[in-house]
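This briefing goes through one protein model and its ligand, topic by topic. The surroundings of the ligand are taken up before charged pairs and backbone geometry.

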Amino acid sequence: MLNRITVVGAGNVGATTAQRLAEQELARTVVLVDVVEGVPQGKGLDQWESAPIEGFDTRIVGSNDYGPAAGSELVVVTAGIARKPGMSRDDLVRTNAEIVKQVSQQIKQHCPKAIVVVVSNPLDVMCWVTKQVTGFARERVIGMAGVLDTARYRAFLAEALDVSVEDIQAMVLGGHGDTMVPLISYTSVSGIPVTQLMTKEKLDAIVDRTRNGGAEIVKHLKTGSAYYAPSAGAVQMAEAIVNDQRRILPCAAWLQGEYGMKDLFLGVPCKLGRKGLEKVIEVELTSDERAALEKSAEAVREPMRAVKL
Ligand SMILES: NC(=O)c1ccc[n+]([C@@H]2O[C@H](COP(=O)([O-])OP(=O)(O)OC[C@H]3O[C@@H](n4cnc5c(N)ncnc54)[C@H](O)[C@@H]3O)[C@@H](O)[C@H]2O)c1
């Protein structure tokens, strides 16, 4: 258990993340920070009042400033505006870059030793903003997207094959957007290559649905976007870090030559442990997968050019 984890942004993703962190007792104190007066305090208090029922001892504290967050060992950044129907992730870039910049300055000042898990969209660009503004080493700035994209892919596969989600091993790499790269060559069902269990047409349809997984939820909700699975993804990463699990999860990492790319965040297999990003794992890709990853990298670089830091 850590002493203190801060979640910035007490909206749908942030508040659900705080509740999950507390239920898993990953820290003694979870601090919820938001700019809207009363919201982090009210949600934090409501969550703390669920402790006797759920049986956790983690205190949840809400605040509009970073005083209670001081010294946090882990910070999850969910501040920003969420995607609205018809809005692409890239439309969000300028607004959220400004928000994440302000948040990163506060993290640097109040939580200088923290590992930061970024969730705000457009994810790969917001990771870059966080890294640039905090000046933290790449081990300490990691983005959550691949875990969510992979979870959606696994859920759709489990449903189509009528098997347990636990038996689906898969990995979705690349940027968090329509150009993400589900790796079919690394998708298996208890070790059986998925291509032996499903037709190419069916698999292609699932890959397509995964790529549009976020938009599918937005279409249903009409206002707001997904948060149950996204918060579960952030907490799975937090758990791997807090408990030094050395889990291999697809996360956005600052590439320094891996996959032949440099100076951008992109979803790749990462080993997560107590130091944060312990290692980027390079896997062999087919020529199609490599081309798709490069295309995805370009889709990340493009909005980076629009942001002035
Ligand atoms: N990476 C992913 O896979 C993924 C998945 C889902 C959502 N997201 C992103 O996560 C973010 C949050 O989504 P949500 O559904 O919780 O949105 P939301 O609108 O419910 O919550 C966002 C919160 O951020 C707060 N905020 C704004 N500026 C702030 C600042 N400077 N400091 C602190 N808080 C601030 C707002 O007041 C609001 O409470 C969005 O950018 C969304 O696109 C990412």
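The model is a predicted one, and the points below should be read with that in mind. In this model the ligand occupies the space of the largest pocket, and seven salt bridges are counted in the protein. Two backbone features, a cis peptide bond from Asn121 to Pro122 and a positive phi at Ser190, complete the outline.

**The shell around the ligand**

- The ligand is surrounded by 28 residues, and of these Asn12, Val13, Asp34, Val119 and Met144 come nearest.
- Sorted by class, the shell around the ligand consists of 17 nonpolar residues, ten polar residues and one charged residue.
- The space that the ligand takes is the largest pocket, and the elements that contribute two or more residues to the shell there are α1 (12–23) and α4 (93–110).
- The helix α4 supplies four residues, which is the largest share of the shell.

**Polar contacts and cover of the ligand**

- The side chain of Asn121 places an N or O atom 3.0 Å from an oxygen atom of the ligand.
- A polar backbone atom of Gly80 is found 3.3 Å from an oxygen atom of the ligand, so that here the contact, within the 3.5 Å cut-off for a pair of N or O atoms, is made by the backbone.
- For Asn96, a polar side-chain atom lies 3.4 Å from an oxygen atom of the ligand.
- On its own the ligand has 860 Å² of accessible area, of which the protein covers 87%.

**Salt bridges**

- Side chains of opposite charge can pair when their charged atoms come close.
- The count for this model comes to seven salt bridges, and one of them joins the side chains of Glu258 and Arg138, with a distance of 2.9 Å from N to O.
- This pair links distant parts of the chain, 120 residues apart, since Glu258 belongs to the loop between β12 (247–256) and β13 (262–273), whereas Arg138 belongs to the loop between α5 (123–134) and β6 (141–143).

**Backbone geometry**

- The peptide bond that leads from Asn121 to Pro122 is cis, with omega near -5°, and Pro122 itself is located in the loop between β5 (115–118) and α5.
- Asn121 thus appears under two topics, as the residue before the cis bond and as one whose side chain has an N or O atom 3.0 Å from an oxygen atom of the ligand.
- Ser190 has a positive phi of about 50°, although this residue is not a glycine, and its place in the chain is the loop between β10 (188–189) and β11 (192–193).

Definitions and conventions
Residues are numbered from 1 along each chain as its sequence is written. This is a predicted model: local features need pLDDT of at least 70, side-chain atom pairs count only at pLDDT 80 or more; totals for chains, interfaces and linings use all residues. Side-chain values use heavy atoms; hydrogens and water are left out. A residue is near a molecule or strand if one of its heavy atoms lies within 4 Å of it. A polar contact is a pair of N or O atoms within 3.5 Å; within protein, one must be able to donate a hydrogen and the other to accept it, and residues adjacent in sequence count only if both atoms are side-chain atoms. Accessible areas come from the Shrake-Rupley method with a 1.4 Å probe; for residues, only the protein chains shown count as cover. On a 1 Å grid over the protein atoms alone, a cavity is a set of points where a 1.4 Å probe fits but cannot get out, and a pocket is an open set with protein on both sides within 12 Å along at least five of seven lines; lining residues have an atom within 4 Å of a point. A molecule sits in a cavity or pocket if more than half of its atoms lie within 2 Å of its grid points. Ala, Val, Leu, Ile, Met, Phe, Trp, Tyr, Cys and Pro count as nonpolar, Asp, Glu, Lys and Arg as charged, and the others, Gly among them, as polar. A salt bridge is a side-chain nitrogen of Lys or Arg within 4 Å of a carboxyl oxygen of Asp or Glu.
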